[in-house]
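I opened a fresh page for this one and kept my notes in the order I looked things up. Here is the structure I had on screen.

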Amino acid sequence: TERRIIRKNGSFFYAEINGKMLPNGMLQAIFRDITERVHTENENEQLLKINSQVLNSINDGFFSLDNNFVITYFNKAAEKLLNKKADEVVGKKMFDVFHEAKGSIFEEKYARAIKEKKYDSFETYFGIEPYVNWYDVRIYPQENGISVFFLVTTERIKAEKMLMEKNKFIETLINLSPDIIYIYDLEEKRNIYSNDGIQDVLGYT
């Protein structure tokens with residue numbers, strides 16, 4: 001058993017006590033000072049608590065897997081993004097819980113990171129309900145598994161696509177104009193943009 005022992009001067013230490021009954025009927029007790037170990041455990045527990053608070057305050061989804069793909073941590077953002085509570089998934093294998101992703105690029109990348117212990121990142125589209133989205137994923141190897149940060153980037157991808165289509169449409173309209181449209185950077189002394197009119201009228205490309 002472990003006990004906190006108070007000294008005569010009011011200070012205390014932690015001790016592990018092992019006792020046994022001797023043949024003569026007396027009790028033998030062996031005290032082992034474990035104060036340093038207890039303090040280390042308390043510090044580690046506090047550090048884990050702080051880390052948990054930090055990971056639960058970020059917008060990135062975060063989870064960790066051990067070397068057997070068992071989920072060991074699942075933060076609040078991951079709960080929201082993947083619509084699963086931590087107590088539903090922690091202690092279970094990743095692709096038993098998220099069976100829709102079995103055989104996907106996610107399983108491939110996580111397995112490689114666990115095996116090779118190398119950082120990896122990728123962005124991919126996943127098309128199976130209920131997890132249809134674009135995902136930006138970063139994988140950090142750990143001694144006992146991997147840590148994964150991820151974001152759902154669907155809205156960003158849509159916005160970028162719309163911007164590209166808008167720019168392409170505007171460029172098409174500009175090139176249909178019979179006028180010369182020319183943009184020149186006076187500081188860098190270089191041509192930035194010219195429409196097709198400059199080629200048609202002046203013969204420049």
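**Entry 1, a residue after a helix.** I began with K117, which sits in the loop between α5 and β6. This is a predicted model, so I read the backbone angles with that in mind. K117 is not a glycine, and still its phi is positive, about 55°. The residue comes just after α5. Is K117 buried or exposed? Neither label fits: its relative accessible area is 32%, so I wrote it down as partly exposed.

**Entry 2, another positive phi.** I then went to N83, in the loop between α2 (76–82) and α3 (86–89). N83 has a phi near 55°, again positive in a residue other than glycine. Its relative accessibility is 69%, so N83 counts as exposed.

**Entry 3, the helix itself.** Back to α5, which runs over residues 105–116. I counted 12 residues in α5, and from first C-alpha to last it reaches 16 Å, close to the 16 Å expected at 1.5 Å a residue. Which residues of α5 are buried? My list reads F106, K109, Y110, A113 and I114. They cover an arc of only 130° around the axis, which means they lie on the same side of α5. I reminded myself that an α-helix has 3.6 residues a turn, so residues three or four places apart point the same way. Next I asked what covers the buried residues of α5. The cover includes α4 and the strands β4 (61–66), β6 (120–126), β7 (133–142) and β8 (145–152).

**Entry 4, a buried acid.** On the loop between α4 (94–97) and α5 I stopped at E100. E100 is buried and has no salt bridge. How far away is the nearest side chain of opposite charge? That side chain belongs to K84, and it is 6.5 Å away; the cut-off for a salt bridge is 4 Å, so K84 does not qualify. Setting aside neighbours within four places in sequence, I found E100 in contact with F126, I128, E129, P130 and Y131.

**Entry 5, a cis bond.** Two of those contacts led me on. The peptide bond from E129 to P130 is cis, with omega near 5°. I placed P130 in the loop between β6 and β7.

**Entry 6, the whole chain.** Last, I took stock of the protein chain: 7 helices and 10 strands. Of its 205 residues, 29% are buried. The chain exposes about 14700 Å², with carbon and sulfur atoms supplying 54% of that. Among contacts with a separation of 6 or more, 29% join residues 24 or more positions apart.

Key
Residues numbered from 1 in each chain as written. Predicted model: local features only at pLDDT ≥ 70, side-chain atom pairs only at ≥ 80, totals over all residues. Heavy atoms only, no water. Buried < 20%, exposed > 50% of the residue type's maximum accessible area, 1.4 Å probe, protein only. Lys, Arg positive; Asp, Glu negative; His and termini not counted. Contact = heavy atoms within 4.5 Å. Areas by Shrake-Rupley, 256 points an atom, 1.4 Å probe, with all protein chains shown as cover. Expected span 1.5 Å × (residues − 1). Arc of directions from axis to C-beta.
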